Amino acid sequence: MKARVKWVEGTAMVGESGSGHALVMDGPPEAGGRNLGVRPMEMLLLGLGGCTELDVLLILRRGRAEVTDCVVEITAERAAADPKVFTRIHVHFIVTGRDLKPKQVERAIALSAEKYCSASIMLGAAAEVTHDFEIRDA
């Protein structure tokens with residue numbers, strides 16, 4: 001994999017992925033930013049959310065679960081002093097579908113967290129990562 005980040009101005013940057021996609025990142029106003037994009041540390045959480053959600057959806061689909069929607073909400077705490085690493089991350093899944101079985105959803109999340117989601121496993125080396133879920137009927 002490759003990525004490239006190009007400084008634009010102030011604290012604004014454009015990140016380009018190896019797959020050809022781009023996004024804007026920026027720092028907060030108190031650091032000279034203009035709030036033009038996602039903060040770099042927020043990108044880590046978004047990457048975690050996307051990685052684990054994709055895993056869970058693929059696992060549930062393989063198990064023939066009828067998922068109609070899935071949302072991952074992530075909350076995180078950071079250390080007070082530099083480097084302000086994540087110390088706790090909580091991943092909450094809201095899975096909507098027809099006749100979803102709690103054991104099946106729980107297993108999919110566990111497989112993602114413990115085996116497949118590189119982002120979760122990597123961040124888990126530095127922070128306590130926890131997961132929970134709720135199921136909603138479609």
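What follows is a short walk through a predicted model, from a strand pair to a pocket and a few side chains.

A good place to start is the hairpin. Strand β2, which covers residues 12-17, runs antiparallel to strand β3, residues 22-25, and 4 bridges hold the pairing on record. Across this pair, E16 in β2 sits opposite A22 in β3. The link from β2 to β3 has 4 residues between the strands, and within this hairpin G20 adopts a positive phi near 95°.

Both strands turn up again around the largest pocket, whose volume comes to about 770 Å³. Its lining counts 28 residues, with M1, A3, M43, L44 and G47 nearest the centre. Several elements chip in: β1 (3-9), β2, β3, α1 (40-62) and α3 each give at least two residues to this lining. Helix α1 makes the largest contribution, with 7 residues.

Helix α3, one of those contributors, spans residues 118-124 and includes S120. Is S120 buried or exposed? It counts as buried, because its relative accessibility is just 4%, against a cut-off of under 20%. Leaving aside residues up to four places away in sequence, S120 is in contact with L48, A113, V129 and H131.

Lastly, the aromatic rings. The count of aromatic pairs is 0. One ring does have a charged partner, though: R78 lies over the face of F86, 5.9 Å from the ring centre.

Key
Residues are numbered from 1 along each chain as its sequence is written. This is a predicted model: local features need pLDDT of at least 70, side-chain atom pairs count only at pLDDT 80 or more; totals for chains, interfaces and linings use all residues. Side-chain values use heavy atoms; hydrogens and water are left out. Rings of Phe, Tyr and Trp (its six-membered ring) pair if their centres lie within 6.5 Å; planes under 30 degrees apart count as stacked, over 60 as edge-to-face and the rest as tilted. A charge sits over a ring if NZ of Lys or CZ of Arg is within 6 Å of the ring centre and within 35 degrees of the ring normal. Two strands pair if DSSP finds at least two bridges between them. Buried means under 20% relative accessible area, exposed over 50%, partly exposed in between (1.4 Å probe, protein chains only). Contact means heavy atoms within 4.5 Å. On a 1 Å grid over the protein atoms alone, a cavity is a set of points where a 1.4 Å probe fits but cannot get out, and a pocket is an open set with protein on both sides within 12 Å along at least five of seven lines; lining residues have an atom within 4 Å of a point. Grid points are joined across faces, edges and corners, and a volume is the space filled by probe spheres set on the points.
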